[in-house]
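Trainee: Could you take me through the reading of a model, feature by feature, with the general idea before the case?

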Amino acid sequence: MLNRRSLLKHLSAMPLVGGLFGGSAPLTAALAAPLAPRNLVKELGIRTFINAAGTYTAMTGSLMEEDVVNTILASSKEFMMLDDVQTKVGEKIAAITHAESAVVSAGCFSAMTLGLAGVLTGMDQKKVEALPHLEGTGMKSEVIAQKAHNIGYSHALTNTGCKIIQVETIEDVEKAINDKTALLWFLNIQSDKGQITHQQWVDLGKKHNIPTMIDIAADVPPVENLWKFNDMGFDLVCVSGGKAMRGPQSAGLLMGKKKYIDAARLSMPPRGSTLGRGMKINKEEILGMYVALEKFVARDQDKDWKMLEDRAKHITDAAKSVKGVTVETFAPALGNHTPTMRVTWDTTKLAPKALQEALRNGNPSIEVVGEPMGISMTAWMLKPGEEKIVATRLKEELTKASV
Ligand SMILES: *Cc1c(COP(=O)(O)O)cnc(C)c1O
């Protein structure tokens, strides 16, 4: 049998190649293409940049580590049963995160939708196929959330057909609970904004026998958060895989009680006629996510933190050396817990948007976050050494504008 290389050699030696392929030059080109490495970024004119902004979905999240990419490549060469991959990987992930069970979802958002789907349907196949239409099915239809937590991401829950019942106090929760209440949902990143604490939320769920779910999408690091909320007694915990954990951007984890995970999987691919059929995660991403999690848990967090502080210091020293520029470095307690720099100056001399544009349009292109009084930056998505480029470019632009 001819392999691709000898086939091409064979073809090019034939005078009538054009005839054989109906005169299709692009087809012969496409056949030959895999032999030469393509640079699609260049070919399609896609802008790449130094990411001094952070783990933003629009900026493609984070960069996968080499071990994750290698896992994806290696696993792409074999067929496997999708359910088998999820089950085997899920057992490992559950053990790492102190959960009864776990499954890899298509991001934190889909983890929430599927987790709630599992709560609503249980193992009833009829109910699975009915979602998101709840009426007349006997399924519950309300999710209770604190008003301060009810920001955009709760759409993941209303996707199931449920509506959100907003509360502010424990008393409100007690009053809101009725026989239609499916879930008590908590959003970690807003936990300092609501009046009810994590533990009180879990206790309310246990008292009324209603499952609790927490969204910790952007809340690792600290790594302990991966098991803290499972230990605390939340029934379901949802996290993004493609942010600081550096798994595939499209991956996330749904962890928690086995009965809910088992039920959630009834709404997941490969099963059709389900709410979650479009929330597919492939074997490569599932295995890649597992490796990313393993690596993330094994990291030396203190060493990482010191490295990020050093990078941040390099950038802030350069910015501060420009007269009139003030820099504050802090780490948000909730969400994106990493050294973060806020650079401010007299913005009548240089609008934050103008600086952002100048850095974006420079070579290399750099992304930062625009704020009303300046810009903010993080160092965790930088590749080693990029802090030097960011420092130089930032100083250059601030100096040029004589802020
Ligand atoms: C990013 C994020 C999500 C969505 O997570 P994906 O992994 O992108 O699906 C949900 N909730 C919060 C608080 C987030 O920051």
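Trainee: At what angle do helix α16 and helix α17 pack, and how far apart are their axes?

Mentor: Keep in mind that this is a predicted model. Helix packing is read from the angle and the distance between two axes, and here α16 (residues 352-361) and α17 (residues 386-400) pack at about 135°, with 10 Å between their axes. An angle over 145 degrees would count as roughly antiparallel, and the two helices are therefore described as oblique to each other. As for handedness, the crossing of α16 past α17 is right-handed.

Trainee: Which residues of α16 and α17 meet?

Mentor: From α16 come Leu-355, Ala-358 and Leu-359, and from α17 they are met by Arg-393, Leu-394, Glu-397 and Leu-398. Sorted by class, this contact has 5 nonpolar residues and 2 charged ones, with no polar residue.

Trainee: Turning to the sheets, in what order do the strands of the sheet with 7 strands stand, and what is their pairing?

Mentor: A sheet is read from one edge to the other, then by the sense of its pairing. In this case the order is β2-β8-β7-β6-β5-β3-β4, in an open sheet whose pairing is mixed. The edges are taken by β2 (101-105) and β4 (163-167), each of which has a single partner strand, so one side of each has no neighbour in the sheet. On average, and with direction ignored, neighbouring strands of this sheet are turned by 25° against each other.

Trainee: In which sense do β3 and β4 pair, and over how many bridges?

Mentor: Strand β3 (residues 142-146) pairs with β4 in the parallel sense, over 5 bridges, and Val-143 stands opposite Ile-164 of β4. A helix also belongs in this picture, since α6 (residues 82-97) packs on the sheet and touches β2 and β8 (252-256), its direction making about 120° with that of β2.

Trainee: What is the order of the sheet with 4 strands, and what is its pairing?

Mentor: That sheet is open as well, with the order β9-β10-β13-β12 and antiparallel pairing. Its edge strands, β9 (326-330) and β12 (369-371), each pair on one side only. Within the sheet, β10 (residues 340-344) and β13 (residues 374-378) run antiparallel and are joined by 5 bridges, with Ile-375 in β13 as the bridge partner of Val-343.

Trainee: How should I read aromatic rings, and which residues form the aromatic cluster?

Mentor: The distance between the ring centres and the angle between the ring planes describe an aromatic pair. With centres required to lie within 6.5 Å, the count comes to 3 aromatic pairs, and one cluster is formed by Phe-186, Trp-201, Phe-229 and Phe-234.

Trainee: Finally, what is the general expectation for phi and for peptide bonds?

Mentor: Most peptide bonds are trans, and most residues other than glycine have a negative phi. Against that background, the bond from Leu-131 to Pro-132 is cis, with omega near 5°, and Pro-132 sits in the loop between α8 (125-130) and β3. The bond from Pro-221 to Pro-222 is cis too, again with omega near 5°, and Pro-222 belongs to the loop between β6 (212-215) and α12 (225-232).

Trainee: Where do Thr-60 and His-98 lie?

Mentor: Thr-60, whose phi is positive at about 70° although it is not a glycine, lies in the loop between β1 (50-51) and α5 (66-75). His-98 has a positive phi near 60°, and its place is the loop between α6 and β2.

Conventions:
Residues are numbered from 1 along each chain as its sequence is written. This is a predicted model: local features need pLDDT of at least 70, side-chain atom pairs count only at pLDDT 80 or more; totals for chains, interfaces and linings use all residues. Side-chain values use heavy atoms; hydrogens and water are left out. Axes are lines fitted to C-alpha atoms, for helices over the stretch in contact, and angles run from 0 to 180 degrees between N-to-C directions. Angles under 35 degrees count as roughly parallel, over 145 as roughly antiparallel, 65 to 115 as roughly perpendicular and the rest as oblique. A crossing is left-handed if the near helix is turned anticlockwise from the far one by less than a right angle, and right-handed if clockwise. Contact means heavy atoms within 4.5 Å. Ala, Val, Leu, Ile, Met, Phe, Trp, Tyr, Cys and Pro count as nonpolar, Asp, Glu, Lys and Arg as charged, and the others, Gly among them, as polar. Two strands pair if DSSP finds at least two bridges between them. Rings of Phe, Tyr and Trp (its six-membered ring) pair if their centres lie within 6.5 Å; planes under 30 degrees apart count as stacked, over 60 as edge-to-face and the rest as tilted.
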